[in-house]
Amino acid sequence: MTDGSPTGAERVRADAAARGLDIEVIERPAARSLEEAASILGIEPGDIVKSLVVKRSDDTYVFALVPGGRKISWPKLRALLGVNKLQLPDASLALAATGYERGTITPLGSTTAWPVIVDESVVGRRVSMGAGEHGRSLFVDADALITAFDATVADISEPE
């Protein structure tokens with residue numbers, strides 16, 4: 001950015017440092033699929049975690065972290081949050097809620113610190129996720145990430 005604002009990756013690094021979270025940000029080429037992305041990163045598809053921004057009916061959001069090859073189970077997530085309605089917002093709302101474009105979203109450095117819910121299948125793994133800007137990924141220990149965000153760990157996914 002030319003206006004002096006930090007880049008997405010700079011926001012990610014600053015937030016990780018403030019939380020005492022050890023991350024590794026790498027540059028990578030664009031991938032056309034989950035499998036291609038995993039191959040580029042040298043990991044299994046399930047080690048790539050999608051940071052999904054989920055909108056509640058009161059216009060607040062949560063981050064749902066779900067591993068590759070799985071998707072949000074809407075009934076499970078609604079039950080966990082005690083709500084009747086949730087949705088994935090369009091790209092402009094996701095950008096407004098987080099400061100990140102789709103494909104780069106991460107709870108780290110989000111312009112608003114929304115609650116984080118992590119699918120239980122991520123526990124105990126080193127994972128890759130969005131790093132705040134296109135062409136970058138970050139690696140982090142999932143358990144450390146969960147601790148740094150005081151995240152809720154629950155069964156919120158199902159196979160894609």
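Start by colouring the charged side chains of this predicted model. There are 17 positive and 23 negative charges in the chain, and their mean positions lie 5 Å apart. With those side chains still on display, you can look for the places where opposite charges pair up: a search of the whole structure finds 10 salt bridges.

**First stop: R19 and D15.** Select these two residues and zoom in. They form a salt bridge, with the closest N and O atoms 2.9 Å apart. Now turn on a surface. Which of the partners is buried? D15 is, because its relative accessibility of 16% falls under the 20% cut-off. R19, at 32%, counts as partly exposed.

**Second stop: E24 and R126.** Next, select E24 and R126, whose side chains meet in a salt bridge at 2.9 Å, N to O. Switch to a cartoon view to see what this pair joins: E24 sits in strand β1 (residues 23-27) and R126 in strand β7 (residues 126-130), so the bridge ties together parts that are 102 residues apart in sequence. Bring the surface back and you will find E24 partly exposed, with a relative accessible area of 39%. R126 is also partly exposed, at 47%.

**Third stop: E160 and K50.** Where does E160 find its partner? It forms a salt bridge with K50, and the closest N and O atoms are 3.2 Å apart. This is another link between distant parts of the chain: E160 belongs to the segment after β10 (157-159), while K50 is in strand β2 (residues 49-56), 110 residues away. E160 counts as exposed at 62% relative accessibility, whereas K50, at 25%, is partly exposed.

**Fourth stop: a small network.** Select E27, E133 and R136 together. These three residues are linked in a network of salt bridges.

**Now zoom out.** Hide the side chains and show the whole chain as a cartoon. You should be able to trace 5 helices and 10 strands. The radius of gyration is 15 Å, close to the 15 Å that the globule rule gives for 160 residues, so the chain is as compact as a globular protein of that length. Its C-alpha atoms fill a box of roughly 40 × 35 × 30 Å along the principal axes.

To finish, try colouring by accessibility. Buried residues make up 44% of the 160 in the chain. The chain exposes about 7,900 Å², and carbon and sulfur atoms supply 50% of that area. If your viewer can draw contacts, add them too: among those with a separation of 6 or more, 64% are between residues 24 or more positions apart.

Note on methods:
Residues are numbered from 1 along each chain as its sequence is written. This is a predicted model: local features need pLDDT of at least 70, side-chain atom pairs count only at pLDDT 80 or more; totals for chains, interfaces and linings use all residues. Side-chain values use heavy atoms; hydrogens and water are left out. A salt bridge is a side-chain nitrogen of Lys or Arg within 4 Å of a carboxyl oxygen of Asp or Glu. Buried means under 20% relative accessible area, exposed over 50%, partly exposed in between (1.4 Å probe, protein chains only). Helices (H or I, at least four residues) and strands (E, at least two) are DSSP runs, numbered from the N terminus. The radius of gyration is taken over C-alpha atoms; the globule rule is 2.2 Å times the number of residues to the power 0.38. Contact means heavy atoms within 4.5 Å. Accessible areas come from the Shrake-Rupley method with a 1.4 Å probe; for residues, only the protein chains shown count as cover. Lys and Arg count as positive and Asp and Glu as negative; His and the chain ends are not counted. The place of a charge is taken as NZ of Lys, CZ of Arg, CG of Asp or CD of Glu.
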